[in-house]
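This report describes the chain shown below, beginning with an annotated residue and ending with the overall fold.

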Amino acid sequence: MSDFPSRQTDDAAWMRRALALAEGALYRTSPNPRVGCVIVRDGQVLGEGATQPAGGPHAEVCALRDAQARGHALAGATVYVTLEPCSHHGRTPPCVDALVAAAPARVVVAMGDPNPRVNGQGLARLRAAGIAVTAGVCLDEALALNLGFVARMSRGTPWLWAKMAASLDGRAALHNGRSQWITGAAARADGHHWRARSCAVLTGIGTVLADDPRMDVRHVQTARQPRKIVLDSRLRMPADARMLDGTETWIFAAVRDEAKAAALAARNATVVCLPGADGRVDLPAVMQWLGRRDINEIHAEAGPQLTGALLQAGCVDELLVYLAPMLLGDARAMASLPRLDDLAQARRFVFADVQRVGEDLRARAQDAARLAQARSAAQPVPRI
């Protein structure tokens, strides 16, 4: 009897262990992808590891070093890795070289690497070395950890989620602007997890002037604070804003003011002028600018005007909505959007998950077409 069904089951189980390692690196690898690796022989773990901060070793090298430290050779072993091994020289040597030198019997990969410098070459080199390759195991789980990396590599712009907190009737604040606190402490802490995993936290000047927020990560432990982004068409950013705490900040404006820019530069803030045709910041141009600077994921946490503008400009890939069990009635909406005359005009999303967080619900909804595009880009390149 063939062992194919049992092998499939074992492959998925070991890959999920590698995915757990990758998830443990969620806050630290940017701009590199989150990758985990487990090396197994006869049901025994020989070595395992996850990608370290940029410039450090990748998951495969960490796992190989772990196996060596335990005194294991890799003859007959299977390597489970959540991303196709890199085949180019970057800050570190190619991981595929290290795997070929170790000569395992088999390598199992969750998803392909859409980086044009890899994109199937890693798998091809393993096969050329006589190493059996299985690809596409737990692809969707691996993609979920690296949507931003895949988006940047395949389309040149980051994956942006818009975080909102609202009542059950979709209201984000009273008409007087008061919104603290619609959702509970658990939801607010969960929101900091999403800040921490992002490369950058984005808000608008309206939020800065109204609330003077810090826009940092405080409720989860992380060694890396994301960059901060402010969209500020008329360059009204106060040089004494609390968010200018030394963390690198990019302020996008539609006007030039060299004196103001110099004052902000003293607080580690860079002003970038990207005017659009309407006299406001060109939002798609901002996304392209950020993609060129290795920004994978953006956590947008703004008021209804900017959230609506990002949606209308096509910059939002995902909605991260916290819903409180209350009704606010005639109050401010989550996003300012134009009136529609037909349901066919609605922009539609698909639910990724819905979870209870404390007394509230967290709903994640993703743009179906963009998710499909990312999945296509993450498909392992087939053997030719």
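## The annotated active-site residue

In this predicted model, Glu60 has a relative accessibility of 4% and therefore counts as buried, the cut-off being under 20%. Glu60 is located in helix H2. The "active site" annotation in the unreviewed UniProt entry covers this residue.

When neighbours within four places in sequence are set aside, Glu60 is in contact with Cys37, Val81, Leu83, Pro85, Cys86, Cys95 and Leu99. Two of these partners, Cys86 and Cys95, are also covered by the "binding site" annotation discussed next.

## The annotated binding site

According to the unreviewed UniProt entry, the "binding site" annotation covers His58, Cys86 and Cys95. These residues are spread over 38 residues of sequence, yet they cluster in space, with a largest C-alpha distance of 9.1 Å. His58 belongs to the loop that runs between strand E2 (44–50) and helix H2 (59–69). Cys86 is placed in the loop between strand E3 (78–83) and helix H3 (95–102).

Is Cys86 buried or exposed? Its relative accessible area is 7%, which is under the 20% cut-off, so Cys86 is buried. Outside the neighbours within four places in sequence, the contacts of Cys86 are His58, Glu60, Pro93, Pro94, Cys95, Val96 and Val118. The list thus includes Glu60, the residue covered by the "active site" annotation.

## Helix H6

Helix H6 spans residues 147–155, and its buried residues are Leu147, Gly148, Phe149, Val150, Ala151 and Arg152. Gly156 follows H6 and has a positive phi, near 90 degrees.

## Overall fold

The secondary structure of the chain consists of twelve helices and 16 strands. For 384 residues, a compact globule would have a radius of gyration near 21 Å; the value for the chain is 23 Å, which agrees. Along the principal axes, the C-alpha atoms fill a box of roughly 70 × 45 × 35 Å.

Of the 384 residues in the chain, 50% are buried. Among contacts with a separation of 6 or more, 71% join residues 24 or more positions apart.

## Surface and charge

The chain has an accessible surface of about 17700 Å², and carbon and sulfur atoms account for 50% of this area. There are 45 positive and 38 negative side chains in the chain, and the centres of the two sets are 2 Å apart.

How values were computed. Residues numbered from 1 in each chain as written. Predicted model: local features only at pLDDT ≥ 70, side-chain atom pairs only at ≥ 80, totals over all residues. Heavy atoms only, no water. UniProt positions renumbered as here; feature names shortened; annotations may be inferred. Helix = DSSP H or I, 4+ residues; strand = E, 2+ residues; numbered from the N terminus. Buried < 20%, exposed > 50% of the residue type's maximum accessible area, 1.4 Å probe, protein only. Contact = heavy atoms within 4.5 Å. Rg over C-alpha atoms; globule rule 2.2 N^0.38 Å. Areas by Shrake-Rupley, 256 points an atom, 1.4 Å probe, with all protein chains shown as cover. Lys, Arg positive; Asp, Glu negative; His and termini not counted. Charge placed at Lys NZ, Arg CZ, Asp CG, Glu CD.
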